[in-house]
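Me: I would like to learn how to read the packing and the backbone of a protein model, one feature at a time. Could you take me through the general idea first and then the case at hand?

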Amino acid sequence: MAAGTGVAGTGSGSGSGSTDRALGDERVDHRFKGLPPDAEGLTVAALAAQRRSLFTGGFTTPVLALSAESVEHNLALLESYSARHGLAFAPHGKTSMSPQLFARQLDHGAWGITAAVPHQVRVYRAFGIRRIFLANELVDAAALRWLAAELDRDPGFRFLCYIDSVRGVELMDEALRAAGAVRPVEVVVELGAGEGARTGARTEAECAAVADAVAAVATLRLVGVAGYEGEVPAADGDTVRAWLRRLVALAADFDKAGRFEARTADTHSGTPDEIAVPDEIVISAGGSAWFDAVADVFAEIPPLSRPVLKLLRSGAYISHDDGHYRHLTPFNRVPEEGALQPAFRLWAQVVSRPSPAQAFVNAGKRDAAYDLDLPEAQVVRDGRTGTIRPAAGVTVTGLSDQHGWLTTAPEAELEVGDWVGMGLSHPCTSFDKWQLIPLVEADGTVTDLVRTFF
């Protein structure tokens, strides 16, 4: 991976070079599925430097691979999309939980990285992420003690999180005061997507009550509004855009009422690495299914009393997929904007061919995502010749813990020893089953190993 320094001039995160060095010293051993047994004891960096073939270099099945070319394509596409639409980008890191991929995202212009839970924030900080958006209300006292200490320790660390209840304000304030927090925690009021949806205050009046509660404490600072349009009931282009316009209107109303506290000089040390936090209003939304609607509506944001940070948080794009997101991606609706490429391929070996209509591979629920769609058989690598052909007539019909059930049509060419390459659906539950994932070029050369921390 190419070295980098994050977003130019912002200090927003560690570059990919420093992250790779931090992870490259880890030793390859029995903890990591699919890696060559004869690589035992090598460092990850040493194994990657050997540029082995995924197919002939000793890797064992099942093994999950990421396409190097597709990952780079997807990174560049969302970078250009965000820039074209005037959006800042904080991709959701829960998808991959990979510091190497975070660094690549920062190298490609990301403002910061989004998290869902405190553990993820700690992982990000361990690898030097400087801007973190927590898309959840944070009311855990132990986590808040850690956060207060981390904010006070590093004046260059910027952290924002949701707040959606008066009780949440009370719990945050109590924990932060007990921790002796010096810096106020920046919060954005979360507007819920509707009745029966996920988190967030349901009405504008409830949002205003939360904002009033924030204004009454010294440990928090209201900087914006946010939400998740993917939870809009019966979501379609019209209902999603209507909710996004409610979010924008909420920000405008808060601004008109003076609810966003003007930023004053921080009591920071003024060190060279410090991130200058601008006096701005944050408006944030954006999953992986409706970011086109976010771009459209955020383009309509009226002038407010200070600049607006229009923050998109889509995360699944990094690997895309061969199922759920292939169907949902906004690029299907706006093909002139480009197209994402699925980057995952799970390779498994045929270990049983008990009948002409049935075969079994040695990958199952421990290895493949199955919560949305079953894997899709795409190619077969012949166990005798090494040639790769389409998986004609081969269908994955079920998964056991360690077996994949294949139904084979009469035209299927498949025998014990062949490798089957499968596309996966749902990136989040694909990454989390693998701690080290080979990054593979089109010819099968392994150029790196991507570490995850779930």
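Reply: Let us begin with the backbone, keeping in mind that this is a predicted model. R51 is found in the loop between helix 2 and strand 1, and R51 is a good place to start.

Me: What is the sign of phi at R51, and is R51 buried, partly exposed or exposed?

Reply: The general idea is that most residues other than glycine have a negative phi, and most peptide bonds are trans. R51 has a positive phi of about 50 degrees, although R51 is not a glycine. With a relative accessible area of 45%, R51 is partly exposed, because that value falls between the cut-offs of 20% and 50%.

Me: Which other residue that is not a glycine has a positive phi of about 50 degrees, and where is it found?

Reply: H320 has a positive phi of about 50 degrees without being a glycine, and H320 is found in the loop between strand 9 (308–312) and helix 11 (324–328). Its relative accessible area is 5%, so H320 is buried. A glycine can be read in the same way: G128, just after helix 5, takes a positive phi of about 80 degrees.

Me: Is the peptide bond from T61 to P62 cis or trans?

Reply: The bond from T61 to P62 is cis, with omega near -5 degrees. P62 has its place in the loop between helix 2 (44–49) and strand 1 (63–67).

Me: How should I read the interior, and how many residues does the largest nonpolar core have?

Reply: In soluble globular proteins, nonpolar side chains tend to be buried together. Here the largest nonpolar core has 111 residues, and those with the most contacts inside it are F159, V185, F254 and F298. Helix 9 (residues 237–256) gives the most to this core, with 8 residues. There is also a second, separate core of 19 residues, which includes L54, F59, V63 and A65.

Me: Which residues are in contact with F254, once its neighbours within four places in sequence are left aside?

Reply: With those neighbours left aside, F254 is in contact with V189, C207, A208, A211, L222, V225, R259 and F260. For another residue of helix 9, consider L247, which counts as buried at 0% relative accessibility. Not counting residues up to four places away in sequence, L247 touches L191, V225, A226, G227, I283, S284, A285 and F298.

Me: Which residues of helix 5 are buried, and what covers them?

Reply: The buried residues of helix 5 (residues 118–126) are Q120, V121, V123, Y124 and R125. Their cover includes helix 4 (99–107), strand 3 (113–115), strand 4 (131–137), helix 6 (141–153) and strand 5 (158–163).

Me: What describes the packing of two helices, and at what angle do helix 6 and helix 7 pack?

Reply: Two packed helices are described by the angle between their axes and the distance between the axes. Helix 6 and helix 7 (residues 166–178) pack at an angle of about 55 degrees, with their axes 9 Å apart, and that angle makes helix 6 oblique to helix 7. Their crossing is right-handed. On the side of helix 6 the contact is made by A141, L144 and A148, and on the side of helix 7 by L171, M172, A175 and L176. By class, the residues of this contact divide into 7 nonpolar, no polar and no charged.

Me: How do the residues of the contact of helix 9 with helix 10 divide into nonpolar, polar and charged?

Reply: Taking the geometry before the chemistry, the axes of helix 9 and helix 10 (residues 291–298) come within 10 Å and cross at roughly 45 degrees, which makes helix 9 oblique to helix 10. The crossing of helix 9 and helix 10 is right-handed. V240, R241, L244, R245, L247 and V248 in helix 9 meet D292, A293, V294, D296, V297 and F298 in helix 10. The residues of this contact divide into 8 nonpolar, no polar and 4 charged.

Me: To finish with a loop, is G194 buried or exposed, and which residues are in contact with it?

Reply: G194 lies in the loop between strand 6 (185–190) and helix 8 (204–215), and at 14% relative accessibility G194 counts as buried. Leaving aside neighbours within four places in sequence, G194 is in contact with R202 and P233.

Technical notes. Residues numbered from 1 in each chain as written. Predicted model: local features only at pLDDT ≥ 70, side-chain atom pairs only at ≥ 80, totals over all residues. Heavy atoms only, no water. Core = buried A, V, L, I, M, F, W, Y, C linked by side-chain atoms within 4.5 Å. Buried < 20%, exposed > 50% of the residue type's maximum accessible area, 1.4 Å probe, protein only. Helix = DSSP H or I, 4+ residues; strand = E, 2+ residues; numbered from the N terminus. Contact = heavy atoms within 4.5 Å. Axes fitted to C-alpha atoms, helices over the stretch in contact; angles between N-to-C directions. Parallel < 35°, antiparallel > 145°, perpendicular 65-115°, else oblique. Left-handed = near helix turned anticlockwise from the far one by under 90°. Nonpolar A, V, L, I, M, F, W, Y, C, P; charged D, E, K, R; others polar.
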